[in-house]
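Colleague: Please pick a single part of this model and take me through it closely. After that, tell me about anything else that helps to put it in context.

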Amino acid sequence: ASLELGPYSHFMQKEIHEQPRALTDTIEALIDDNHFSPALFGKAAAAVFEQVDSILILAAGTSYYAALTAKYWLESIAKLPTNVEIASEYRYRESVPNPRQLIVTISQSGETLDTMEALKHAKALGQHLTLAICNVQESAIPRASELVFYTRAGAEIGVASTKAFTTQLVALFTLAATLAKQRGLLDKETEQSHLGALRQLAGSVQHALNLEPQIREWAKSFANKQHALFLGRGIHYPIALEGALKLKEISYIHAEAYPAGELKHGPLALVDSAMPVVVIAPNDALLEKVKSNMQEVKARGGELFVFADADSHFTESEGVHVIRTPRHVGVLSPILHTIPVQMLAYHAALLKGTDVDKPRNLAKSVTVE
Ligand code: G6P
């Protein structure tokens with residue numbers, strides 16, 4: 001295994017660092033000759049997309065958080081009403097089927113039983129427009145789907161998903177842009193600007209990876225804690241959820257994520273100096289709102305750990321630690337902000353001495369109920 005690991009201590013660390021390459025490979029497979037084209041989602045994609053009036057995304061675990069992120073893109077860019085549902089919930093409830101709804105499943109392994117059964121359930125209800133976004137070629141879920149896009153993350157060994165997640169996100173962003181284009185909602189200039197953002201992404205992710213020494217320092221403030229809170233707003237809220245999940249999975253520290261505006265409706269009661277609060281605070285339209293949410297934490301003696309880009313203008317002060325993420329990358333900002341929360345979980349787990357690649361009680365691919 002040491003040969004395969006190269007300079008890294010764990011597969012998870014290696015996979016975190018492989019993201020620039022994984023993203024570049026996936027983006028290459030998503031862009032056809034300098035434009036977005038449905039054919040990259042399957043031969044029948046143009047005809048299928050033509051019929052779509054809304055979207056339902058089904059997934060589990062980290063893939064579910066990719067789905068939650070995608071809802072923001074699909075509604076804002078493609079203007080398609082999008083619902084996201086946990087596969088194990090959808091398969092057992094009475095829902096209202098819509099044959100014009102595109103059923104998107106997201107699964108790294110392509111073998112998660114609940115996601116597979118949710119797909120079968122959707123089809124049994126007469127919903128036959130299906131797209132799988134999957135990392136493992138010829139696995140069960142893509143085989144049962146009409147359209148398929150394979151992410152090019154390469155084999156993911158660490159139980160906690162990292163590079164699969166960020167490659168799912170670029171696939172989902174591209175899906176939104178492609179649907180928008182087919183629906184006549186994407187002008188040439190915006191298309192070029194989205195393509196440019198995709199091309200710059202791997203470089204920005206590399207810059208984010210270079211923050212590792214600072215994040216390793218921060219991890220010391222988490223390793224001895226029982227609880228942590230992650231805050232984000234808008235499209236960065238799912239990234240807060242993913243950050244909390246990563247920390248739970250591998251360091252066994254209880255972590256919760258909240259949309260920052262919801263703080264006052266409960267979790268604020270928990271805030272004290274024993275519960276570090278991570279804030280994902282890029283310079284977007286919600287920045288001022290996030291800043292006032294941070295004040296609420298600070299006023300209660302909470303310690304803040306803020307990931308902010310250079311344009312957010314945060315300064316360190318007593319109880320407020322700031323790491324500057326690379327320059328704001330606009331629509332793809334959630335992908336960039338995933339990198340630091342992955343590294344934070346990894347280094348907290350290292351300090352705790354847990355089995356990072358094989359956390360207790362968890363499996364890489366859950367093929368049972
Ligand atoms: C397990 C893994 C997670 C993964 C989830 C969904 O819980 O430990 O890392 O996110 O399954 O897996 P999938 O292969 O469907 O994306």
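Modeller: Let's start with one pair of residues: L229 stands opposite E256 in β7. This is a predicted model, in which local features need pLDDT of at least 70 and side-chain atom pairs count only at pLDDT 80 or more, while totals for chains, interfaces and linings use all residues. Residues are numbered from 1 along each chain as its sequence is written.

Strand β6 (residues 227–232) runs parallel to β7, and six bridges link the two. Strands here are DSSP runs of E with at least two residues, helices are runs of H or I with at least four, and both are numbered from the N terminus; two strands pair if DSSP finds at least two bridges between them. The wider setting is an open sheet of five strands in the order β7-β6-β8-β9-β10, with parallel pairing. At its edges lie β7 (254–259) and β10 (320–325), each of which pairs on one side only. From one strand to the next, the twist averages 20°, with axes taken as lines fitted to C-alpha atoms and angles running from 0 to 180 degrees between N-to-C directions.

How far can you trust this? The protein chain has a mean pLDDT of 94, and 99% of its residues reach 70 or more; pLDDT is the predictor's confidence in each residue, from 0 to 100. For the complex, the predictor gives an ipTM of 0.98 and a pTM of 0.96.

Elsewhere, helix α14 (residues 333–352) is worth a visit. Its 20 residues reach 30 Å from first C-alpha to last, close to the expected 28 Å, that span being 1.5 Å times one less than the number of residues. Of those 20 residues, 17 are buried, meaning that 20 or more other C-beta atoms lie within 10 Å of their own; exposed means 12 or fewer, partly exposed lies in between, and C-beta atoms are placed from the backbone. Just after α14, G353 takes a positive phi of about 75°.

In the segment after α14 you also find N361, which has a positive phi of about 70° although it is not a glycine. N361 is exposed, with 6 other C-beta atoms within 10 Å. E138 likewise has a positive phi, of about 60°, without being a glycine, and sits in the loop between β4 (130–134) and α8 (140–143). E138 is exposed too, with 10 other C-beta atoms within 10 Å.
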